[in-house]
Every structure is written in C-alpha cells, then in structure tokens.
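This briefing introduces selected strands and a helix for a reader new to the structure. Please view the sequence and the model together while reading.

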Amino acid sequence: MKINRKQGYMIAGGIAIAAIAIAAGVHVHYSGRWYPGSRIDQVDVSGMTYEESIDKIEDQVNSYELTIKGRNNGTMKISGKDIGLTLVGEDEIRKVYEKQHESSVLSSLFGREDDDADQLISYSKDKIADAVAKADMVTGKNGYKITEPKNATIVYSPEKKYGVLKKEAEGNKLDQDKLVQAIAGSVEELDTEMDLTDSKAFPGVYQEPSLRENDDKLKEMQKTYNQYLLHWIQWKLGDGVTETLTPDTLKDCITVDTKNKTVKISQSKVEDWIEAFCLKYKTQGIARNFKTHDGRTIQVSGGDYGWRLDYDKIVNQVMAELKKAPDEKAAEAYMENPTNASAKALKISLKPVYSHEGYRMDFDNLQNDWDTKNYSEVDLSAQQVFIYKDGKQVFSCKCITGKDEPDRITRTGVYDVKEKKLTKTLVGEDYEVPTKYWTRIMWTGTGYHYSSRNDWNRWSTTYYKTAGSHGCVNLTLSDAESVYNLTKIGDPVFIHY
C-alpha cells in the first residue's frame, strides 16, 4: 500500500509579511493533522487528525465492497467480510504520519512523495479464490453463458472460392488463478471497482486464443491450405464423360489444426471420394440381362467380368498431384478473379487407370459392357456348354461341373477367358492332374479343360451333384479342343443355373 502526499496549493505573490503570517497559520493548523493531499490508498485523509484518519480507514475497510465487471455483462461482488478484510497496519500508518511531520507542511506543498507502508490490511487469498470459484462468471450459472476462446483459423469461402482467414474469438472464460491475483491487487489498494474488459489493466485474466488473425504462422498455414485446395484433377473417361476432383470436394479433405498450427490433407477423405468415383463406373459383378440358349431372359450377377478402375493407382495419382503446389501465377490469378475461366489454368488431366476392362463402356447402360456376339455359356442345370460366334450358336456339348459342396461348386456369374494353354497340370490339396486344352475362366483355378475321367457314359444333368469336379468345367477331349479353338482371351463366360 502507498501513502501519498501531493502539492495542495502554492504561495504566489503578496507581501512577505502576509506570506509569513499565512505560512505560520498553515503550519499551526496542520501540526496535528495529515498534510494536504495525503491519501492512504483510496482513502483521502488530507487535513484529518491521526485518530480521524484511522476511524475513516476502519470504516472504509469494514464497509469495503469490490464490484467486478466482466465480458458479456458479467458481474460479481466481493465484500471485505467475505474475505476477512481487516486493518492491521495502524502502527505503520503512525510511523508514516510522524515521518510526515518531521518536515514543514510548506515543504510538502511543493512536489509529491510516495511512502510505502506494508501490511496495512489483512485478507484471505484463499477466501478470494473460494469466491471466484463460486461466481457466475466462472461457473456459468444463473444464465451466464461461458464461451471458450477460439483461435483464428482458415475456412473455405463459398463467395471467394478459396481459403480465407477467420478472426479469433476472445470468449469469456476466466483464468481463475490470474483473476484471484488481480482481485488481491485491487483489494490491497482498496479499489472498489474492477473492469476486466480492460485488457491493458488486467492482462491475461481471460483465457486467450493461442493463434490470432495477424500471426505470421497463420498466414503460412493459409498458403498451405490453398496449395492443397486449388486443384482441379480431371479424368476423361470417353464419350465426353469426365469426372473432376474440385476444391468443393477438397475443402472437406483439408484439416486445419490451430492448436498444433498445422494444415494437412486427409488422405482417407480423399480416398472416400476416389472410392465413390471408382464404384460409379465399376461393372464387375453387376446384374446383366442375358438370353439363354433356350430363349429365357435371366439376370446373371457376380463374377469378375467388366470394368474396374484401379483404386490404388488412382489414389497414388491424386496424392502425388495434391502434394505439388499449383502454378503460383495461375493460383494468384484465380484468387483475384475466381471464375471458371481462371480455374482452367489450374486443371490437371489424368488418364483413367483400369485394373480390368470390358468390351465397351456404355455410360447410358453399364450392363451393356460385353461382346453380345462372341461369348460362351455354361448352363449348370443342363450341364451343357454353348459357344456363340458372330451372334450365332456354333457349338454345344455336355460337361461335368463342380460337385455340390461349398468348396467345390462351380460359381455362377459373368467372367472372361483369362488364359489358354494346350497343356497344364492342375494342382489342389488332394490332387495333381495333367490336362489338355486349358481355358481359364477364374483366377481361383476354374476353367474349361479336358478330363480323362472314365465315367462320361454315366453323365446326366444331376451327375455333378455327387461326382462333380473341384469346380472346373470338365469336357471330353474333342469338346475341350473345340472350346479352346472357338474362344479367345477376353470373351465373356456366363455361368448360370
């Protein structure tokens, strides 16, 4: 605490005798009183006797109340009684009073002196802390809404079409420890008001954002954000059909971490878009309308025939492009004038990469992706194979397909001829069989081939159920040769019941 004496008035002009008389009168008047301008903290004791000043200070201490104003119309009050405020420094005040009177009152009128006096009052800081902990401005009770400070960040602007800075939000969450310290300082000065909205007077009392709009680091983050964002990656799929990964999608794939001050592209979110893109044009496994050898129209689904974009390679394509900063001049031109025309300079064209292809890509009817003139058919119910060339059935024969057991059945679906070998040894867990005219249908090991089995005379449409193959389409030697010669790699194979 400080006890202050300041100049109350000055002697100016007049007759020397009058001045001396006035000076003498002033000296006599203040010989038992505090000199002009004397204050004990906020208590004006100027002209009071020592006893009067002690009474006034005690009254001030006993009736003390501190009103605290906060953000969002928050208020709290702390009384001296709440915190055990008492006057304990009467001896200190007496010392200062006596020291003041060691010099003439007239000398004290010229200039100001500050006398430090410690421990004039006593209070409990723990009780201040208890009062703070229960205050509405801290607890959020009685309708007072507490909001956390929010860092400045980068957001996508639908109007500007790129990443812009969003100003920080101060919030109104108090730092309790710093508030207790600030209140203690005000109590020691016997201040009756505190305005916490004055950040210069009470710095750090409110929790503050760690990243502000004018921070250089945030501007660097904004540059990184827009380097990821300003990409138009396009694939031309044919027949005028294109797919484009644009900033409208990329904005949801960019993660801004203001706590760690980083900007990252989320590969998993990019992958989600790529997966949807690949599935959109995938025809493998779809249901296809198919007219059977006996004139029925059925739907055959499953199998691996058809178009399939190579998801993994496209992910690698895209991530490689996103890690490249766009052309700086083109990016600046776009941000100055974000139009379709300025976006063209930032467009990147990539070739679609397929892991499997069909005969044609019909964007209006995806199931129409196979060669309807040249294909083969396996009717599991009839246990027969049919070959079509140039739209006509040119060959048919009996067959024996997989045994009716889960691990040996011949699976239905639409496949394609993948491999042809005049001789091949088929190897399984419990067999190793040399064969001829191998025409692969499935990579799992199913194909057309000659079987030297000696029970062809027992063939029937149900014989496969008990004496079937391990999944392959078994044929006689001559039939296997005909199938081998009449098919080519890539021809569709329809397997159905």
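Why is strand β9 (residues 153–157) largely enclosed by the rest of the structure? In this predicted model, four of the five residues of β9 are buried, so the strand is largely enclosed. Buried here means under 20% relative accessible area. The points below describe the pairing of β9 and then turn to a sheet of five strands.

**The hairpin of β9 and β10**

- Strand β10 (residues 162–166) is the antiparallel partner of β9, and five bridges link the two.
- One of the paired positions joins serine 157 to tyrosine 162, the latter lying in β10.
- Four residues lie between the two strands of this hairpin.
- In the same hairpin, lysine 161 adopts a positive phi near 65°.

**The five-stranded sheet**

- An open sheet is formed by five strands, arranged in the order β23-β22-β21-β29-β24, with mixed pairing.
- Its edges are β23 (392–398) and β24 (413–416), each of which pairs on one side only.
- From one strand to the next, the twist averages 20°.
- Within the sheet, strands β21 (residues 375–379) and β22 (residues 384–389) run antiparallel and are joined by five bridges.
- Valine 378 has valine 385, in β22, as its bridge partner.

**The helix on the sheet**

- Helix α15 (residues 477–486) packs on this sheet and touches both β22 and β23.
- The direction of α15 makes about 150° with that of β23.

How values were computed
Residues numbered from 1 in each chain as written. Predicted model: local features only at pLDDT ≥ 70, side-chain atom pairs only at ≥ 80, totals over all residues. Heavy atoms only, no water. Buried < 20%, exposed > 50% of the residue type's maximum accessible area, 1.4 Å probe, protein only. Pairing = 2+ DSSP bridges. Axes fitted to C-alpha atoms, helices over the stretch in contact; angles between N-to-C directions. Contact = heavy atoms within 4.5 Å.
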